[in-house]
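User: I'm new to this structure and would love a close look at a single part of it. Could you pick one spot, walk me through its surroundings, and then place it in the whole chain?

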Amino acid sequence: MRIRTYAAALTVAATAGLSLAPPATAAIPAPLVSDVDGDGFADLAVGVPDGAVGGKAKAGYVDLVWGGPKGLGHRGGMRITQATPGVPGTPEKGDRFGAAVSVADVNGDGTADLVVGAPGEDVRTTGADAGTVAVVYGARGGPRTGATILNGPRRSAGYGRSLAAADFTGDGVTDVAVGATDAVVLKRRGAPATTVFTGAMGGRAPVLAAGDFDGSDDGTADLATAYWSTTPFTQSHVRLWTWSAQETSLANFWNTDNAGVSSLAAGDFDGDGHDDLALGECREIADENIDDPCGPEELAEGGGIHVHYGAGVPWNFGYRAQTLNQDTPGVRGVAESGDRFGAALRAADVDGDGRDDLIAGAPGEAIGSRTGAGAATLLLGGPTGLVDAHGACRSVAYHQDSRGVPGVAETDDAFGSALATADFDRDGSIDLAVGSPGENAGSGGVWVLPAASSAGSGVLTPARLGLPSSSGAPHYGRTLASR
């Protein structure tokens, strides 16, 4: 049983082009796990932690955009705040509700739920900025109830800065890994939260991802974490954790150090049945490290993607690795300082060949003379992974000056800051959503590319979706979630 399932249905028209074409007969979609309103279509959750609610700056909200026969944005959606009936809490300045969002079936009723972090939440019993994590339960017609999963235990704990929801214990129940200030904890249903690890992280949120990295192939997820430590000196760490029934906790079984990482993604890029782990915007941060945790140093220019391949047994995980950047043959663009290639990652089998592909956001990419306009690149998996036997990749690039993509690339649009994939129109093909939180002076937007193609693509903006206007910049599209 694989942890992740994808609808498969596309063939690559040409790696030199900007579009992918669906086959004559679409494949039957995999079971939906992003359907929050129970109508049979996958939905998209957009976290807007910088959005104002009732005049409270950065109280934050989650905008649920419904999928449908015509895709995202044609059937409206639902704005969820802490003022929404059934949702715990009260909107307050700086709560940042929606800073992290994960989509999963938490209560096991067959409908997707939203797990939402609000790291700025003041908790009456524990203090200011303790943070909270809530679940908003999916239901036919849209969510109506919610509950608090976990509150931060102390002042400035910042619970809910990052999230990963999956069955980490193998009991068939969804668990929630919670990133906090200088900590990651695990919350199981009906059990107290347990600490996975703690460490000084220099104000950065830990990066979290779920996948079956230990090769057990039993449907139980392992947890991948990436974080920076600042004591006694600056280091960074990527760690893998698997459930230990004997210790009733997540146990660390694989590490790599001094690999500065902005994002993680789990996928089977070589199709061997074992999950691999992609490290995004990977760069070595300690010159004296001789292990090259991000591969050859020259491939870190502009942001590198370093992939550790699964091997079926935990002690051989990562023994085979590949590194690529925008100077790798076949990858669109040119590696330049500040591109932030891989700052956002998303894995999905876009071309339907049974191997996962990787979408990489580069929000710092310059388009012409417009710095920080941003781009996204689809990297296709193959028999040897993302890089073939000749050291080359197959890729498709997207940005706002691409043929068929709406809009115009402008300075600081940050297109590619967030990514999501799902079959939003249920045609058997994987659709791509790309966040551009800097669009329109920080109002933001989400670009939707049906079948990961520029053909028929459109834009979701706060104005188009009828969201309340904000005196500040809500940066719509900074956080995206689907499953």
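Analyst: Happy to! Let's settle on Thr 328, keeping in mind that this is a predicted model. Is Thr 328 buried or exposed? Its relative accessibility is 8%, and because buried means under 20%, Thr 328 counts as buried.

Where does Thr 328 sit along the chain? You will find Thr 328 in a loop, with strand 20 (321-324) before the loop and strand 21 (344-348) after it.

Now for its neighbours. Leaving aside residues up to four places away in sequence, Thr 328 touches Leu 299, Gly 391 and Cys 393.

Stepping back, the chain around this spot has 1 helix and 29 strands. Buried residues account for 59% of its 483 residues, and Thr 328 is one of the residues that count as buried. As for contacts between residues at least 6 apart in sequence, 54% of them join residues at least 24 apart.

The overall form can be described too. A compact globule of 483 residues would have a radius of gyration near 23 Å, so the chain's 21 Å agrees with that picture. Along the principal axes, the C-alpha trace spans about 60 × 50 × 45 Å.

Finally, a look at the outside and the charges. The chain exposes about 17,800 Å², with 49% of that supplied by carbon and sulfur atoms. It carries 33 positive and 58 negative side chains, and the centres of these two sets are 8 Å apart.

Definitions and conventions: Residues numbered from 1 in each chain as written. Predicted model: local features only at pLDDT ≥ 70, side-chain atom pairs only at ≥ 80, totals over all residues. Heavy atoms only, no water. Helix = DSSP H or I, 4+ residues; strand = E, 2+ residues; numbered from the N terminus. Rg over C-alpha atoms; globule rule 2.2 N^0.38 Å. Buried < 20%, exposed > 50% of the residue type's maximum accessible area, 1.4 Å probe, protein only. Contact = heavy atoms within 4.5 Å. Areas by Shrake-Rupley, 256 points an atom, 1.4 Å probe, with all protein chains shown as cover. Lys, Arg positive; Asp, Glu negative; His and termini not counted. Charge placed at Lys NZ, Arg CZ, Asp CG, Glu CD.
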